[in-house]
Amino acid sequence: MATSPLAQRWAAVLIESAYSPMSRRKLTQHLEEHAVRLRAGQDAHAVGQWLVRKRFTGPDSLRRTLEVLSGEFPAEVLGGLASGYVRATRDQLFTEQEKVKNSLLKTVEDAQRDLHDSEARFAQVFATTAVGIAIFDLQGSVVEANEALAGILGHEEMPKELFADADAVALASACARMIASSVDTDRREWELTRNNGDSVWANVVLSVLRGSDGLPKFHVALIEDVTEQRMLQEWLRHQSLTDLLTGLPNRASFTDKLESALATGEPHTLGYLDVDSLTIVNDGLGYVAGDAVLVEVARRLRLVLPDAVVARVGGDEFVVLIRGTPDVAALAAMIDDELSEPVYLEGAGVAVSTSIGFVHAQGPGTDPTAVLRRAHSTLRRAEKGGKRQWAIYDHEADLADRERLARIAAMPGAFENGEISVEYSPVSWVSGSTAFLEASLRWGASRHDAVVAYADALGLAARVGQMVLTDACSRGEPVLVRLSRDQSRHPDLATHVRTTLRAADFPASSLFLALDVRSMPDGEENLEVLHDMGVHVLLHEFGGGFGGLSTVDRSPVWGVRLARPPSERLARQGMALMVPLLRSAGVHVIGGPGDPDELTALGVDLVVS
């Protein structure tokens with residue numbers, strides 16, 4: 001079985017850091033399997049426990065494992081592995097401690113029967129274990145301690161006073177409480193003071209040693225240094241709350257800070273920023289340059305807003321939390337001025353702008369995730385106006401957006417459950433005879449234009465278009481189908497149409513396919529291929545712009561379906577002048593639905609009922 005370079009590097013550091021009877025080949029195979037599980041996000045705890053079971057517990061085993069894996073897996077996976085490792089180590093320690101305790105107790109109880117042998121066994125355990133051991137009398141004074149404990153506390157030789165004064169008092173008090181409460185074992189993580197004044201974190205197990213008469217005789221403390229594991233856990237916690245690129249708080253950390261700020265009851269202003277045109281920098285100068293821009297944006301935001309909480313919550317998205325309700329227009333201008341100063345990367349002076357959505361919030365009980373969503377929604381509304389824009393939260397606009405987006409989100413289920421149907425309306429010549437039917441979609445109260453717009457927004461354009469084509473061609477009558485923007489420029493449109501025509505045995509000449517004029521010129525190749533297949537090709541949403549007229553002039557268009565007539569006088573006059581121009585070019589003009597007399601006066605050839 002071939003193994004990846006990652007598994008081989010991992011095996012190498014484990015073999016260097018600890019001894020295990022397992023062969024390198026077998027170890028590498030095991031690590032390859034574990035890497036697959038970690039990539040799948042599975043059993044990170046179990047992988048850490050496996051390392052302990054297989055005795056890869058050298059001083060550097062965990063640290064070097066994380067160094068090898070840090071470039072391949074996210075912090076939460078590494079944290080899970082480290083947590084499983086630490087937990088298994090702790091359980092192993094507790095098992096060893098329990099064995100030591102039982103051994104010590106048996107040694108004391110057997111002293112009268114076999115004093116020499118029991119003292120030898122006790123001395124062996126006492127001297128060779130890596131766990132620090134201290135024996136206390138019932139008053140809490142140290143009777144005896146081993147060299148391992150002296151080393152943990154930073155002493156080169158066994159001192160007269162082993163523990164710092166405060167620690168000695170605390171341990172004596174804990175022993176007294178155990179006697180008073182008849183508790184035989186107490187386990188806790190304790191911060192002890194080393195000889196040089198530094199702190200050492202230790203797992204401490206205090207136990208009562210009873211004599212053969214059942215009465216307490218001594219206390220024993222089993223102490224293991226877990227400072228490195230604690231530091232590692234703190235580092236992983238910090239990493240899980242920090243954006244690794246910019247050093248700013250990440251989304252999880254910022255949400256906690258936002259919740260704390262709202263809990264004060266004071267007013268705050270949240271700005272949600274999107275860095276404009278970062279993809280231009282990434283694609284033009286490379287991702288290293290793009291990362292450098294993000295780092296610079298983070299630095300400048302902290303510089304211009306020293307009292308604000310600044311965080312990075314997405315690829316090119318930042319948030320700023322400001323106490324109070326500042327003038328957001330002035331705030332947006334200040335941020336824009338700061339970011340407009342170019343930073344030079346690879347000889348190019350790169351400057352970016354931001355679009356910002358602002359929302360004011362205050363009061364305990366306010367959901368921080370709801371505030372973030374409102375700010376993000378406001379940002380998206382601002383971005384509709386272009387780059388370097390800002391907007392402030394509007395409840396009515398947000399409500400309308402949420403209703404629309406909720407409906408779009410529900411579309412796959414509606415499509416699957418048959419809630420979207422196809423309806424047909426006659427398209428007649430102005431003389432009154434029916435030319436063909438027009439197929440249109442309906443979903444509850446949503447009509448064709450809205451339904452296809454929803455499909456485009458959700459990436460369902462091809463599926464919805466295929467549904468309409470299949471239904472329309474199955475009727476066996478000439479039919480007009482209007483396609484959305486995305487459907488009109490879909491690279492496989494001609495293939496889908498050809499397949500549908502064959503499956504329904506429907507003549508291409510009976511299919512009138514209207515492409516959205518707003519998809520041109522991207523859709524012109526589809527237009528020409530469909531015409532070559534014998535399909536009557538039209539343009540719909542035609543308003544008479546230069547682009548649309550140019551497409552009509554250079555492409556084999558059978559007809560155009562006019563956009564909804566405008567209400568302004570000059571616009572209506574322009575459309576009235578355009579219709580004869582189109583007809584003189586040999587193009588059929590379709591209008592409606594609307595007033596038949598008005599459409600006839602306009603000069604159209606066909607009318608949609």
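Which residues of the largest nonpolar core touch the most other members? In this predicted model, that core comprises 52 residues, and the residues in question are Leu511, Leu513, Leu539 and Val560. The element that gives the most to this core is helix α18 (residues 461-473), with five residues. A second, separate core contains 30 residues, among them Val13, Met22, Trp50 and Leu62.

The surroundings of Leu539 were examined with its neighbours within four places in sequence left aside. Leu539 is in contact with Leu515, Val517, Met520, Leu527, Val552, Val557 and Val560, and also with Gly548, Thr551, Gly559 and Arg561.

Helix α20 (residues 493-504) was considered next. Its end C-alpha atoms lie 17 Å apart, which agrees with the span of 16 Å expected for twelve residues at 1.5 Å a residue. The buried residues of this helix are Leu493, Ala494, Val497, Thr500 and Leu501. Viewed down the axis of α20, these buried residues fall within an arc of 130° and therefore line one face of the helix. The face turned away from the buried side of α20 carries Arg502 and Ala503, which are exposed.

The buried residues of α20 are covered by elements that include α18, α19 (485-488), β16 (511-516) and α21 (524-532). Helix α18 is thus named in two settings: as the element giving the most to the largest nonpolar core, and as part of the cover of the buried residues of α20. After α20 comes Asp505, which has a positive phi, near 50°.

Terms used: Residues numbered from 1 in each chain as written. Predicted model: local features only at pLDDT ≥ 70, side-chain atom pairs only at ≥ 80, totals over all residues. Heavy atoms only, no water. Core = buried A, V, L, I, M, F, W, Y, C linked by side-chain atoms within 4.5 Å. Buried < 20%, exposed > 50% of the residue type's maximum accessible area, 1.4 Å probe, protein only. Helix = DSSP H or I, 4+ residues; strand = E, 2+ residues; numbered from the N terminus. Contact = heavy atoms within 4.5 Å. Expected span 1.5 Å × (residues − 1). Arc of directions from axis to C-beta.
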